[in-house]
Structure formats: C-alpha cells, structure tokens
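Please open the model in your viewer and follow the selections below in order. Each stop names what to select and then describes what is found there.

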Amino acid sequence: MKLRKFKYYEPQGLEEALSLLDRFGHVAAILAGGTDLVPLMKQKTVQAKHLINIKHLTELDFIRGDSMLEIGALTTIRGIEKSDFLQKKCPLLRDTAGRIGYVQIRNVGTIGGNICNASPAADFAPALMVLDATVEIASVDGKKSASINSFFLNPGETILDKNEMITRFWIPRTDEGTRCIFRKVPSGNSSGLAIASVAVLSSVDKVSGVVREARIAVGSMAPTPIRCFKTEKLLVGEKISDEILNIASQKIVEETKPISDIRGSREYRIHLIKVMTKDALMDIYWRNLS
Ligand SMILES: Cc1cc2nc3c(=O)[nH]c(=O)nc-3n(C[C@H](O)[C@H](O)[C@H](O)COP(=O)(O)OP(=O)(O)OC[C@H]3O[C@@H](n4cnc5c(N)ncnc54)[C@H](O)[C@@H]3O)c2cc1C
C-alpha cells in the first residue's frame, strides 16, 4: 500500500517541534517509532499533510528520578524493558514492556507513542494507570500536566489538542509492601495485541490478610483502557478469600464494556479478565504473606 504525499520535518529540538505543531498541528502527525502510525497511514486511516519526526529530540529519551520517577516520552519500549534502574524502582513497567510485540517493535516503539495512539489494547496504559502516572503535555503555550486516568477519551482519541504533545510521564513511588502485576493474554496473530489485559497494584496486611490498597486497570475491555475504581473500593478493607475475589471479579465485568472482535469474543474476554484479576490478586496476597 502506498503512502499519500506529505511534507516531512525533522525538528532538532523540542521548541522547533512545538512550533511546527503549532503551525501544522491540525493537519499534521507526530512520528515517534512509527510502529502504530505508519500502518495507519498506509491504510489511509490517518491522512497527514505534514509529518513531524520527533526521533531527534533526544532530550525526551530518559529514565530517572527517585521519589518521583520520570520517563521521557521518546524512551523506547526496549529501553524500559532493559532498564536495571526500573527493575529496582518500578518492575511493573519493565515487565509490561517485555510483553509488548516482539523485539524489533520494542526497539523502535516508544512509551509516548503507545499512550498517544490511544488503543484500548495499549499495554503501558493499565500499568501507568495503576501507578497513578501523570502525563506532561507541552505546546508553544507552555507545559501542563494531566492524570493518565483522564487521558483517554475514545479509541484513538485523547485529551491532547492538535498543537500539543506528550513530553514525559511522572510516576510516584509506591509504598513499601506494595506489589504490582501485569497480566495479558495476547492474540494469536502477529501483533500479539492483548485480547484482554490487567494491571493490579495492591498491598495486603501481613498479619490479618486484609487488603490495604488496591488499584486495578484493564485493557481491551472497553473503548479505552480503564481504571476499575468500584472494584478497588470493594476490595479495600476486606480479607482476601474466594468469596471476595469472586465478588470483585464480577464487579470488574460490570465496570467494563467488552466487545467481540477479531481477537476474541466478549464472553472470552469476560472469562479472561475474571481469571487474570483473581490470579493477580491471589499472587500479590501470597507474596505479601511470604
Ligand atoms: C507487529 C506489531 C506488534 C505490536 N504489539 C503490540 C503489543 O503487544 N502491545 C501494544 O501495546 N502495542 C503493540 N503494538 C503497537 C505499537 O508498537 C506500540 O503502541 C508502540 O509503543 C507505539 O509507539 P511508536 O513510537 O511506534 O508510536 P508511533 O507509531 O510513532 O505513534 C503512535 C501515535 O502516537 C502519536 N505520538 C507519538 N509520540 C507522541 C508524543 N510524544 N506526543 C503526542 N503524540 C505522539 C503519533 O502521532 C501517533 O498518532 C504493536 C505494533 C505492531 C506493528
């Protein structure tokens, strides 16, 4: 499939990129790794007259921080997967990165592209949601921030204005004793996109077995990735048991809107999300007690 004609830009710094976005944003597309964008341009789903390749903005490729982790939008999935720093500070992101596509995709795909593509199946989304990440958004007017939990509007649609881009993610440090898990069942086709996925962050009192904190976010279970706030509320203060896990997994189904598509049926997704969430919560419970 041929690409339509477009004007191509390679800004050498953030200021130049933002100025281009300001001039052409309404008919432009940002190119990071291109693993989502280029196929969409070939299918003519995205028709950009101006293509702004941000790959040279090396100032947006970093992983650092202490009490507040910072990850640049241009950090590759592979960079996150191989980060020893994240293994210590935030293994959830490292584990999630390792489950995305295959190594060629992870070498060029970026965390910013994964989130801005706003696919319901974007694997970093549930992980960043349970981590309560904040997104830094830049434009010629300056910088602002938004919670990742309010970032997604519809499939392919986010709160970003046409002249805005993501520059970094802030991730607060989790409390001691808090554990995180990402579970995903990938489709059998070459993309490996999730039929369903879930990220769980929880802490359980070692002595009583009572849930102190629970955060749950799911992918491929609604038009956007979503946090399951009602299920979380239901779990906090309860002792982990078969009964409470069954109630919680039923609540998740009520909070989501799974559909049937080429990757899986609605019924299969419901089955998967119940099993994966219960399993993740049980896993965290046992790891907390041991
Ligand atoms: C074979 C294959 C397998 C895949 N498997 C998976 C998988 O298992 N899990 C998964 O989640 N994804 C998967 N993907 C999708 C894709 O690889 C990821 O979403 C990747 O992280 C996208 O990053 P990118 O840098 O390539 O984004 P790009 O394609 O460059 O951009 C994606 C979108 O985000 C916008 N954008 C990019 N960066 C910014 C920014 N900083 N600010 C504002 N807008 C921006 C672009 O304009 C575009 O609309 C797969 C893709 C392929 C082709």
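Select helix 5 and display its buried residues: Leu-92, Leu-93, Arg-94, Asp-95, Thr-96 and Ala-97. In this predicted model, helix 5 spans residues 91-98 and is mostly covered, with six of its eight residues buried. To see what covers helix 5, add helix 3 (77-81), helix 4 (84-89), helix 6 (103-108) and helix 8 (124-130), together with strand 11 (179-186) and strand 12 (194-204); the buried residues of helix 5 pack against these elements.

Next, select the open sheet of three strands, whose order is 1-3-2 and whose pairing is parallel. Strand 1 (7-9) and strand 2 (28-31) occupy the edges; each has a single partner strand, so one side of each lacks a neighbour in the sheet. From one strand to the next, the twist averages 20°.

Within this sheet, focus on strand 2 and strand 3 (residues 50-53), which run parallel and are joined by four bridges. Ile-30 can be picked out here, standing opposite Ile-52 in strand 3. Now add helix 1 (residues 14-24), which lies across strand 1, strand 2 and strand 3 and runs at about 165° to strand 3.

Finally, select the ligand and the 31 residues that surround it; the closest are Gly-33, Gly-101, Gly-109, Gly-113 and Asn-114. Strand 2, helix 7 (111-116) and strand 10 (165-172) are the elements that give two or more residues to this shell. Which element gives the most to the shell around the ligand? Helix 7 does, with four residues. Coloured by class, the shell shows 16 nonpolar, 13 polar and two charged residues.

Methods:
Residues numbered from 1 in each chain as written. Predicted model: local features only at pLDDT ≥ 70, side-chain atom pairs only at ≥ 80, totals over all residues. Pairing = 2+ DSSP bridges. Axes fitted to C-alpha atoms, helices over the stretch in contact; angles between N-to-C directions. Contact = placed C-beta atoms within 7 Å. Buried ≥ 20, exposed ≤ 12 C-beta atoms within 10 Å, placed from the backbone. Near = placed C-beta within 6 Å. Nonpolar A, V, L, I, M, F, W, Y, C, P; charged D, E, K, R; others polar.
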